[in-house]
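The following note is intended for a reader new to this entry. Please consult the sequence and the model alongside the points below.

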Amino acid sequence: MNIFDAYQRRLAAVIERLSAEGQLPPGLDLSRVVVEPPRDAAHGDLATNAAMVLAKDAKTNPRALAETLASALRAENGVARVEVAGPGFINLTLTPALLQDVLGAAVRAGEAFGRSSAGKGEKINVEYVSANPTGPMHVGHGRGAVFGDALANLLAAAGYDVTREYYINDAGAQVDVLARSAYLRYREALGEDIGAIPEGLYPGDYLKPVGTMLADRFGRSLLAAPEAEWLPIVRNVAIDAMMDMIRDDLAALGIHHDVFFSERTLHGENGGAIKAAIDDLQAHGYVYVGRVPPPKGQLPEDWEDREQLLFRATDVGDDIDRPLMKSDGSYTYFAADVAYLRDKHERGFEHLVYVLGADHGGYVKRLQAVGRAIGGPELEVTVLLCQLVRLLRGGEQVRMSKRAGDFVTLREVIDEVGRDAVRFMMLFRKNDATLDFDLAKVVEQSKDNPVFYVQYAHARCASVFRQAREVFPDLDTAPAALEKAQFDRLSDEAEVDIIKRVAQYPRALEAAAAAREPHRVAFFLHDLASAFHSLWNKGKDAPELRFVNQTDRDSTLARLALVHAVRSVLASGLAILGVAAPEEMR
RNA sequence: GGCCCCGUAGCUCAGCUGGAUAGAGCAGCAGCCUUCUAAGCUGUUGGUCGCAGGUUCGAAUCCUGCCGGGGUCGCCA
């Protein structure tokens, strides 16, 4: 139940009626009309810009049109007051009865309140994490992982058919390097002194268990074999081990993908899916042999101007055409991307979301270009970049140096501060802003720590119910009973404010999903928690406002309904963020 | 040099896809613990929304150009 949608539809009906009656011209374009909460609560519950955006087409001025619409809206059900303000805003104040109906709906729906069918069941593919299988995940990967996962939850709540996907970059030179690095650890495991790890190989200790595993499984049999023979074997074992490690790390964050897609499967026999994709592009005139202009500014030292197979990306919005084939005749990483995108398209997805790190900024245009070339205008390709994470401890930056092999891993951070803190803090910032993550702050149990603050509000809700059961042992506090409470008892300003916030939750979820911005959910919850803590505290000065009132059963029941609604919204939002909603803080 | 992101209060950030007098938290200042958990709450000080133009009824938001910070730029993935 989204009151903003509901009144937008009523407004449209009113305009249509006035058109039919000849008071307004027919066929007005309502696409720019919005019904939204006014910034200032003093302006009522709903505000619309209808008069201002329609005035020109209606051949009148905004104030006059606003007055016309306002008098028609006064007759609408649930409307207590209509005012025209400023340049032509129409402000609606809803009746207490209508707000109480919304509260009743929220109580009835529980944690399902706010879910919608805005996505119309359309198939959407969210690809996230996709960390290379060459080592443990670091904190930057963690941000993309958490963001992608919360976004997927959010889109599911908004009525999309969501597939969560992980692209395994298990082809190319990097996994050969991984294999050689693991082979070295294998020799080490067999007792050899390997000395320092040579430049160009992965130095991290995390490969030692892989070496041991290889030694256990193959004994000394790989020692005498030529590289061409052992490399594919070691590579497979090492990739599997790395993916197991990554899956463990993701599980520690509560993240589970539906599909793990291997890049290597795109290569296959005779060029496989990549060749098929390029042939497809070629058939549509998107492929040619030509030269790429060198980058402006500083020219790479080994730059060699040569002809190569190119994707005509500039025809579909990119800045330059993109190489599909390397000088050794093998396909570029980008060529595999083309095949992968084509595969997703053939699996029937209408929306493709890529969650990438900030260092992939250069990829946005070319992925969208491929999307247009392969899927046409119906295929929506959205690339969301997660900016860098700065890891701090008490304000001091913690260095994350991958070269030294001793970088801070995601796992270490999860083990130190817990899943909930990692997830919430990663989501308490826009994805395109850099994020300071302070290991000291996120474990503080204080209002400075938003994770704690929101979880505490949920725990307090639970605490109210525990208290109520003690004071009124025979009181039925099940949702079915709460729904029948006397909501008109909730007349204090702070109580009404909370009802209004609850009423805004469905709209907030829809807007967050449409904008692909899960952080809005986190901020909404923080605001709701703040309003709830505030009401809680009011009961200190005004005992009659306390949730549980020994001498007033009816008020208690009504307030329990309110608390139940708050709790449901907090639980629903936290579930989308993938953060626990505790019954009590310990 | 090209492209992408960021620039809002002393600090950290929101700002609901163009709305009304730009909002929170922290820090500062002034208050609130015989309490339904003070792990919290109330009040208050503080802004030329980087700068300059433009678009329109209306701009922190959209467009252009600058300034500052970060990222990235064929044959790595």
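1. Helix 19 is followed by Gly578, whose phi is positive, near 75°. Helices (H or I, at least four residues) and strands (E, at least two) are DSSP runs, numbered from the N terminus.

2. This is a predicted model, in which local features need pLDDT of at least 70 and side-chain atom pairs count only at pLDDT 80 or more, while totals for chains, interfaces and linings use all residues. Residues are numbered from 1 along each chain as its sequence is written, chains are lettered from A and ligands numbered from 1 in the order in which they are written, and side-chain values use heavy atoms, leaving out hydrogens and water.

3. At the N-terminal end of helix 19, Asp552 acts as the cap, with a side-chain oxygen 3.3 Å from the backbone nitrogen of Asp554. Of the 25 residues of helix 19, 22 are buried (under 20% relative accessible area, 1.4 Å probe, protein chains only).

4. RNA strand B has 66 residues around it, of which Phe89, Gln174, Gln445, Lys447 and Arg546 come nearest (a residue is near if one of its heavy atoms lies within 4 Å). Helix 18 (519–541) is among the elements that each supply at least two residues of this surface, and helix 18 gives the most, with 9 residues.

5. Individual atom pairs may also be noted. A polar side-chain atom of Lys326 lies 2.6 Å from a phosphate oxygen of RNA strand B, and a side-chain N or O atom of His519 is 3.0 Å from a phosphate oxygen of that strand. For Trp536, a polar backbone atom is 2.5 Å from a base nitrogen of RNA strand B.

How values were computed:
A polar contact is a pair of N or O atoms within 3.5 Å; within protein, one must be able to donate a hydrogen and the other to accept it, and residues adjacent in sequence count only if both atoms are side-chain atoms. Buried means under 20% relative accessible area, exposed over 50%, partly exposed in between (1.4 Å probe, protein chains only).
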